[in-house]
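Trainee: I have a model open and want to learn how to read it feature by feature. Where do we start?

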Amino acid sequence: MIRYPLLYLVAAVACCDVFSPLRMSATTKPDFNGTWELDHQASSSLEPLMDKIGAGFVERKLAAVAPLKATFHQSEDVVTVATRAPGFSLNEILYLDGRSHPTNIELLGGTTLNASAAWSNDRQELISTYQIKTKQGQDGELIIKRYLTNGMKSESVVFILKLNGQPNEISARQIWNKQS
């Protein structure tokens, strides 16, 4: 004999909500695996950001039109990103434990000194932080936030540049569409 049927009903509904697929998916990490192509028309220009970092005129103009493709391989601990275009190649290794490690790659016209990567608190954004040195010798931080949109068919990438001693930050946003 059930003494408190309303209490059992409330408990059952609460359990269904806690263990529902929608709630569980909110705590899982996005899957970036695959090949992505940059949508220049949907993206903002990287030129002001690249100019501040010290990229040359030709580099900035090519970035605005290059048919970029990025291939992601994601595991529990590491994401590798191979970005390619005619005459351009960039390989990134993102260790997802948040630790900082030395790097020495050319990124948007500057040189990276250290990098770290980790998931946001809600595990929906992949955040990479690079300590950089501009071609003018300024130190700063470049933060790159990646997250999936459009039913996981698009990747938004937000770049935020903070240079030491500069009051303002510069940002740009790219949209990448999934190819495979």
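Mentor: With the names of elements. Helices and strands are DSSP runs, numbered from the N terminus; a helix needs at least four residues and a strand at least two. With those names, arginine 123 can be placed in the loop between β7 and β8. One caution: this is a predicted model.

Trainee: What is the phi of arginine 123, and is the residue buried or exposed?

Mentor: General idea first. Most residues other than glycine have a negative phi. Arginine 123 has a positive phi of about 65°, and it is not a glycine. As to burial, its relative accessibility is 33%, so arginine 123 counts as partly exposed.

Trainee: Where does leucine 108 lie, and what is its phi?

Mentor: Leucine 108 sits in the loop between β6 and β7 (110-119). Its phi is positive too, about 60°, although leucine 108 is not a glycine. Leucine 108 is buried, because its relative accessible area of 16% falls under the 20% cut-off.

Trainee: Now pockets. What is the volume of the largest pocket, and which residues are closest to its centre?

Mentor: The volume of the largest pocket is about 610 Å³. It is lined by 28 residues, and those closest to the centre are Ala63, Leu68, Phe88, Leu90 and Leu108. So leucine 108, buried at 16%, turns up here again.

Trainee: Which elements give two or more residues to the lining?

Mentor: One helix, α4 (57-65), appears on that list. The strands on it are β2 (69-74), β3 (78-85), β4 (88-95), β6 (106-107), β9 (139-149), β10 (154-163) and β11 (170-178).

Trainee: How do the lining residues divide by character?

Mentor: Into 19 nonpolar, four polar and five charged.

Trainee: Take leucine 68. Where is it, and what does it touch?

Mentor: Leucine 68 is in the loop between α4 and β2. It is buried, with a relative accessible area of 12%. Leaving out residues up to four places away in sequence, leucine 68 touches Trp36, Glu37, Leu38, Thr83, Arg84, Ala85, Phe88 and Trp176. Also check C-alpha spacing: leucine 68 and proline 86 are 18 residues apart in sequence and 8.3 Å apart in space.

Trainee: Trp36 was on that list. Is tryptophan 36 buried or exposed?

Mentor: Tryptophan 36 has 0% relative accessibility, so it counts as buried. It belongs to strand β1 (residues 34-38). Its C-alpha atom is 9.4 Å from that of isoleucine 175, with their positions 139 residues apart along the chain. A polar atom of the tryptophan 36 side chain lies 2.9 Å from the backbone oxygen of phenylalanine 32.

Trainee: Which side chain reaches the backbone nitrogen of phenylalanine 32?

Mentor: That of glutamine 74, at 2.7 Å. Glutamine 74 is in strand β2. With residues up to four places away in sequence left out, its contacts are Pro30, Asp31, Phe32, Asn33, Val79 and Trp119.

Trainee: On to charges. How many salt bridges are there?

Mentor: The idea is simple. Side chains of opposite charge can pair when their charged atoms come close. The count here comes to ten salt bridges.

Trainee: Which residues form a network of them?

Mentor: Glu47, Asp51, Arg60 and Lys61. Take two of the links. Arginine 60 pairs with glutamate 47, the closest N and O atoms being 3.5 Å apart. Arginine 60 is in helix α4 and glutamate 47 in helix α3 (residues 47-53), 13 residues apart. Glutamate 47 also pairs with lysine 61, at 3.1 Å between the closest N and O atoms. Lysine 61 lies in helix α4 and glutamate 47 in helix α3, so this pair ties together parts 14 residues apart in sequence.

Trainee: Which of these residues are buried and which partly exposed?

Mentor: Arginine 60 is buried, at 13%. Glutamate 47 is partly exposed, at 22%. Lysine 61 counts as partly exposed, at 35%.

Trainee: What does lysine 135 form a salt bridge with?

Mentor: With glutamate 106, the closest N and O atoms being 3.5 Å apart. Lysine 135 is in the loop between β8 (126-133) and β9, and glutamate 106 is in strand β6, so the pair ties together parts 29 residues apart in sequence. Glutamate 106 is partly exposed, with a relative accessible area of 42%.

Terms used
Residues are numbered from 1 along each chain as its sequence is written. This is a predicted model: local features need pLDDT of at least 70, side-chain atom pairs count only at pLDDT 80 or more; totals for chains, interfaces and linings use all residues. Side-chain values use heavy atoms; hydrogens and water are left out. On a 1 Å grid over the protein atoms alone, a cavity is a set of points where a 1.4 Å probe fits but cannot get out, and a pocket is an open set with protein on both sides within 12 Å along at least five of seven lines; lining residues have an atom within 4 Å of a point. Grid points are joined across faces, edges and corners, and a volume is the space filled by probe spheres set on the points. Ala, Val, Leu, Ile, Met, Phe, Trp, Tyr, Cys and Pro count as nonpolar, Asp, Glu, Lys and Arg as charged, and the others, Gly among them, as polar. A polar contact is a pair of N or O atoms within 3.5 Å; within protein, one must be able to donate a hydrogen and the other to accept it, and residues adjacent in sequence count only if both atoms are side-chain atoms. Contact means heavy atoms within 4.5 Å. A salt bridge is a side-chain nitrogen of Lys or Arg within 4 Å of a carboxyl oxygen of Asp or Glu. Buried means under 20% relative accessible area, exposed over 50%, partly exposed in between (1.4 Å probe, protein chains only).
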